[in-house]
Each structure stands twice: as C-alpha cells, then as structure tokens.
Amino acid sequence: MNIEIRNNLITEISCDTLIISLYEDPNSITKTNDSHLDTLVHEFLRDNPASGKYGETNMITILPSTGYKRILLLGLGKEADLTTDKIRQLSAIAIRNVRKARSKTVAAILYQTTTDKIHPMSVAKSMVEGTLLGNYQFLYYKTEAKDSKYIEKFTIINLSLSHQTQLEQAVLNATVIADSVNYARDLVNHPACYMTPSKLAASAVEIANQEKNIEVSVLNTQEMQQLGMSALLAVAQGSTEAPKLITLKYIGDKSSTDLTAYVGKGITFDSGGISLKPSNNMGEMKGDMAGAAAVLAAMQAIARLKPKTNLLAVIPCSENMPSGCALKPGDVIKSMSGYTIEIISTDAEGRLLLADAITYAKKLGATKIVDIATLTGACVVALGTITSGVITNDTAWCQQVLAAAEQCGEKMWQLPAYDEYKEQIKSDIADLKNSGGRFAGTITAGLFIEKFTANTPWVHIDIAGTSDSASEKGYNVKGATGAPVRTLIQLAMNQEDL
Ligand code: BES
Ligand code: ZN
Ligand code: MN
C-alpha cells in the first residue's frame, strides 16, 4: 500500500472511498469546507444519530459528480476519550471495512481534534500505523488470493493545510514502524518447516544487506561450541535443524560506549523435547520465535529511522525436539557463564538459550539488556493475552521500557522479583535448576535469566500471551501481533534524548 499525506481541498480529491470521521458529541463533525459534502453528512446524521459511536462505520454511496464513489463515516466516540491507541484501532477498523467494499484507492481526512491533547503529528502517525497494521494479511500459502482486495493507495488529507513537513515526517516514520511490525508478523506466521533457524539467520543477513548501517554475524554449531555455549547447544542437540546465533549491530552514536542489547528467543518450534507437550494446539509453538522476530524487525526499523544510539541484537535460534540424542530431564549442563544447570524439564528450554545469549551479549559489550521471549504459559495464566509480563533487576531501566511501551499503546506489567522466589530454582546438585515448578512460573523463569545478567541493567519481557491473537481485534488480526516491536523501536528512539 502506497501511503502519503497531502494538503488538499476536498474538491481536489479523487479516490474510491473517502473516510470521514465524526465524534459522538453532537455537532462535532469533521468540517470538510465543502458545503455539498457537509450537507450530505449532516443529513445522514439527522437520520442516523448514533453514527459517531466508537468504532461505528457507515458506508454511503455517492452520486456521480464528486471525485469519490463512496464515503465511509467512521465514529470516533467521545472526543475527550480519544487516545493515540484508539486512533490506531479505529483506523484499522476503517481500512478493513473499506477493503471489504473492494476499494483500491482510499483517502481519509486527518481526524480533527478541537483540543491540543493530541498533536496532528501523532494523529497522522497513529492513523498510518493503524491502517497498515489493520490491513495486514498473511497470504503466502493461499494460492487463490484475490488481488481485487488489495488497497493500492491510502492518502491522508490535511484540510488545515498546516504542519505539512512535520506531518510528512510522521507518516514516513509510521510507515517504517508498521512495515517492521508486519515483517515480524510474517516471520512468526510462517510454519516451522519454513522458518527454521537457518531461515531466520538468512533473514537477518538480508536485512543487513539492505540496511547498510547494520552489521550482521551468524555463528554456527562449531563456533558456539568454541565459545562454550553448552546451554544453547543442549536445546539444539535433539534436532536435525542446525542452531544459529545471530547478532546484529547498529552504531548510531560513535561518541558513546553505551550499548543496549535486545535479546530475542528464537525457538522455531517447541515440541517440549523429551518433556513432550500435549499434541493439542502444538502447532502454535511455531510462534516460539516471536521474541527473535520482534528483535529482528525492530533492528530493521531502527536502521531506517537512525536514532543517535547504539544497539546490539542477539538472537539465539534452535528447534526444541525429542530424539535419541535429545537433552534429558535430570541432565546437568554447563552454561557459557560457568554456572551449571540441572534440567528438570526439557520444555523449559527458552531460559537455557537466553542464558548463553545474555552471557554473549555481555561479552560483546552490552551495557543494558532487554530480552523478549515467549517464555512461560504461566504468563498467559497471570496476564492473559492483553498484557506482557515484565521482570527486572533495575527499576530505572524498567521505567524506561514501560514508558516506551505506554507511548505506543503496548500493554506491559511489571511482576515482583523478590529474592525469596529464588529458592524455587535452587538445585540439589547444580547451581540452578531450569524449572521452579507451577507457582509463580513467570517470575522464577525471569529470575533464572537474571542470574546470567550479573547485575547489568536488564528487563525481561514475557510475550507468551501477547505475541499471538486468537481473533481479529482492532489493529491485530488473527495470528501474530508483532508485539513488542513498536516498544523496542520507541525505546531506541527515546535513548537519543537522554
Ligand atoms: N514456549 C513455551 C511457553 C509458551 C506457552 C509460549 C504457551 C506461548 C504459549 C516455553 O518454552 C515452555 O514450554 N514453558 C514451560 C515452562 C515450564 C516447563 C517450567 C511452560 O510454561 O509450561
Ligand atoms: Zn518455548
Ligand atoms: Mn518449552
């Protein structure tokens, strides 16, 4: 979809569908400065007074003589309740409506606000994000995808004729961000037979080839052996797919030695290993690399947006499979850090991978860490599919992550990480065990990883519940959500101002 923002009069517009927004508040319709159109909308509202309700849509077919065939009236709800996240949700609802009507070219009047609570730049950015995210479809394996359903062009019309340069920048940034979120969704939606560790590594190389300001390296099994990454390799040993350790580096501020590491869990399929999962819905475990996808996608956007900060991505990739050479419950392994780990469950594999990845990130100079992982079913039980779980060893760093999440409407909630919980992951025969049992599973998983941060400021984001959506809702469609790509990008952009 081609996206642009233009200073235009309504009479200059030519498109299949024109989107006009209105509030629930009486008399607060968008002023189009076109008496013909204003009258038409007023008449419609007189007959359909509930039209401004949040998410309400009405398609009006227009007689010839205007530049557009249809109007979609989009209810924004009460103006006082409008937020940037609601703008995203609403724009997604609108674009899917328009797509169903088979429009190819679409124009939307920039949602107008009478207060300065939301800057027009934020309105434009949120409209673009919502539109691109809501219009997302995963059609790679559909042989009969209907071309007629694709929207070719989306134009935002800025009737106020002001802020044009700023608005253009906002639209460009939003396009970069949403494209990356959709890229992460693609990576996650692909089946595990396609999206193997090697394929993830090839995708990282492709990104580095396109974005000249990113350096990539991919370690193979032998190189990981030499580095002593036995925890990561223990997970991989049951599979015939070769594990890969991807690193990407973006240096946007040569004058600084600060290096923020994004570490993403890349289990391309989690069968549970010898501690085999039940077969019901096991296919969902193709998405156990959503953390990896988020980090990769965020790096792509960061390379394009070029914030003045330094970032390192470390992405450990493997399958978790049962076989004659698989890791077994009861085994003891030695991680790259030197700490030994007793394996209670081979299904608690993510933390093994992350342990070595974090040790490696530190070796490469990471001064701050965020790890992102579909780590525990317990997180889904605790927070459902709405909110990601957060664990930290550094309140200030955590505040920055939570602030970035808040800014882009991705919900996160910090869980307690008191020392007392560490009792649950003490092993009789090794330094740690890889499962703390049923209670507080998200917290004990987090505290397991914390051991390997060795006091480097660290935030862990458990996206087990939020990386996937069971149904179409707002800017999410069924399948991968691309969470928390936008937070990772925003966090990098915010580092610039510090
Ligand atoms: N990948 C799973 C966690 C998961 C569950 C992600 C549901 C998305 C949806 C992880 O590797 C896992 O299996 N965790 C175990 C840990 C337990 C054995 C300590 C779990 O949550 O049951
Ligand atoms: Zn897993
Ligand atoms: Mn598992």
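**Exercise 1.** In this predicted model, find the spacing that the donors of the manganese ion (ligand 3) follow along the chain.

*Solution.*
- Start with the spacing: D-x76-D-x1-E.
- Put residues to the letters. Asp270 (OD), Asp347 (O), Asp347 (OD) and Glu349 (OE) coordinate the manganese ion (ligand 3), at 2.1 to 2.2 Å.
- Place two of them in the fold. Asp270 lies in strand E10 (residues 266–270), and Glu349 lies in the loop between strand E13 (340–342) and helix H9 (350–363), so the pair ties together parts that are 79 residues apart in sequence.
- Check burial. The cut-off for buried is under 20% relative accessible area. Asp270 has 3% relative accessibility, so Asp270 counts as buried. Glu349 has 1%, so Glu349 counts as buried too.

**Exercise 2.** Which residue coordinates both the manganese ion (ligand 3) and the zinc ion (ligand 2)?

*Solution.*
- Take the distance: the two ions are 3.1 Å apart.
- Asp270 coordinates both.

**Exercise 3.** Compare the expected span of helix H11 (residues 395–407) with its end-to-end distance.

*Solution.*
- H11 has 13 residues; at 1.5 Å a residue, they should span 18 Å.
- The end C-alpha atoms of H11 are 18 Å apart, which agrees.

**Exercise 4.** Where do the buried residues of H11 fall, seen down its axis?

*Solution.*
- List the buried residues: Trp397, Cys398, Val401, Leu402, Ala404 and Ala405.
- They fall within an arc of 155°, so they line one face of the helix.
- Recall the rule: an α-helix has 3.6 residues a turn, so residues three or four places apart point the same way.
- Turn to the face away from the buried side. It carries the exposed residues Thr395 and Glu406.
- Name the partners. The buried residues of H11 pack against several elements, including strand E9 (260–264) and helix H13 (485–495).

Note on methods: Residues are numbered from 1 along each chain as its sequence is written. Chains are lettered from A and ligands numbered from 1 in the order in which they are written. This is a predicted model: local features need pLDDT of at least 70, side-chain atom pairs count only at pLDDT 80 or more; totals for chains, interfaces and linings use all residues. Side-chain values use heavy atoms; hydrogens and water are left out. Donors are N, O and S atoms within 2.8 Å of the metal (3.2 Å for Na, K and Ca); water is not among the atoms, so sites may look incomplete. Helices (H or I, at least four residues) and strands (E, at least two) are DSSP runs, numbered from the N terminus. Buried means under 20% relative accessible area, exposed over 50%, partly exposed in between (1.4 Å probe, protein chains only). The expected span of a helix is 1.5 Å times one less than its number of residues. The arc is that of the directions from the helix axis to the C-beta atoms. Contact means heavy atoms within 4.5 Å.
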